[in-house]
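Visitor: I'd like a close look at a single part of this one. Could you walk me through a sheet and what lies around it?

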Amino acid sequence: MKISKLLRKPAVFAVVVALSAAGIHAPVMAGTIDTPEIAMQAELQMQRDDVRSIMARADVRDTMLGYGVSASDIDTRINNLTESELLQIQNQLAQLPAGGSAVGIVLGIILIFVLLDVLGATDVFPRI
Amino acid sequence: MIKRRSNVCVRLLVGLTFTALLSACTSAPQSAALRQQTPPEFTAPVLLRQVPFYPQELYQCGPAALATLLGASGVQVTPEQLVPLVYVPEREGSFQVEMVATTRSHGRLAYRIAPTLDALLSEVVAGHPVLVLQNLALDIYPRWHFAVVKGFDLERRKLILNSGLYEDYEISTAVFERTWARADHWGVLALVPGSMPAQPEAAPYFSALAAIEQDIAPALVNRAYVSGLQAWPTDRNLLMGYGNRLYAEKYAAAAAIQFGKVIAHYPDYAPAHNNLANVLFEQGQQERALLHAQEAVRLGGDYLENYRETLHMIDPGAE
């Protein structure tokens, strides 16, 4: 769709007009940055940090629920984690190792691991 | 079509085997070094008999290994009780971060040891079993597994683990090293607050302590700080953390002395000036408080806005 055609749509036209009007009235900033400005920036940063940890908390919580952790345990488990742990594992859980055990290996690969176990490279079958 | 696919399979298998053979023949440098020259403290075999054994249920080496570790440190807990805290059903395993968090929630510092066999063996000699993560298979086909190292016999080149279904499982030091290296040499102790690792390092000790502060009784936290400061009397984080403890427990005078110590060692550390200013202000020492608040603002840094607030509280007219 061409831009001229787009502009004919009332909604788009309205937005464009509103944006240009806003542009005209935007104050021109120059020179020093005053203290209230810095204070606002710092406070926004603090709020962002709070938001980040809330998001991390929510993200880890959702992922863990998706992994079958029961709803009755999830709060305890999330609360056991520190802020920095939550931030570290946010969006990482899919890649993190989950220590379980070696059972459930595809049949075709078993032979290779038997061999590798004998060679001492792996320890998939502990009694070999 | 089937033929081509099986060709691909064969090539994959050959490649996999070849890679693994290469890695089998190399890469156990620490055990090789230990074999060539065994340090005197490791010549005698060690087996920690107080370590309990819980055979793991399917996939649940995490809860079993953690119950083993906690049990040895004096916390009686069964794997079944730990399943709701560390087991992740869809992943058929447990995450390291929750193993650590659950160690803390049972009142034990989760101290990450240095990534060396030397550190691992030193802890076992000192009576500390070590929770380890291993990748029993290969980087390209990982099989993650938690176990507890509880002994060794270097003359026979063996480590002794409670692992999976096996109590006193003997594994060659070289094989262990390879499986452990694939899991980034991850090893954790469960320390009673106030006790120290055999090979203590300040950074992991402080991070273990800071993480458990909210979970255990204040007296235990203080004990752990005192032990840490005995080992590292000038560690900035421990000095500062202990000051914050004293302040939180309303020992204002002691806290002021403690923050003063931090400043004596680290005069450019703004947070210490800021906290000292707060304590002094509360104690009515306006002038000294003002000096430190000004110094914190002058030094600036990450928490500048907090320093400014402190300064304004003490001297509302300050710019």
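Guide: Before we dive in, one bit of vocabulary: two strands count as paired if DSSP finds at least two bridges between them. Keep in mind, too, that this is a predicted model.

With that settled, here's the sheet. It is open and has three strands, running in the order β1(A)-β3(B)-β2(B), with antiparallel pairing. The edges are β1 of chain A, residues 98-99, and β2 of chain B, residues 87-88, and each of these pairs on one side only. Now zoom in on where the two chains meet in the sheet: β1(A) lines up antiparallel with β3 of chain B, residues 93-95, over two bridges. If you want a residue pair to click on, try A:A98, whose bridge partner in β3(B) is B:F95.

Let's stay with chain B and step back to its domains. The domain assignment splits chain B into domain 1, residues 27-191, and domain 2, residues 202-314. Going by C-alpha atoms, the centres of these two domains sit 36 Å apart. They do touch: seven residues of domain 1 of chain B are in contact with nine residues of domain 2 of chain B. On the domain 1 side, α5 (96-105) and β4 (109-112) of chain B each supply at least two of the touching residues. The largest share comes from β4(B), with four residues. As for chemistry, that side of domain 1 of chain B is a mix: three nonpolar residues, two polar and two charged.

How values were computed
Residues numbered from 1 in each chain as written. Chains lettered and ligands numbered in written order. Predicted model: local features only at pLDDT ≥ 70, side-chain atom pairs only at ≥ 80, totals over all residues. Domains from an automatic or database assignment. Contact = placed C-beta atoms within 7 Å. Nonpolar A, V, L, I, M, F, W, Y, C, P; charged D, E, K, R; others polar.
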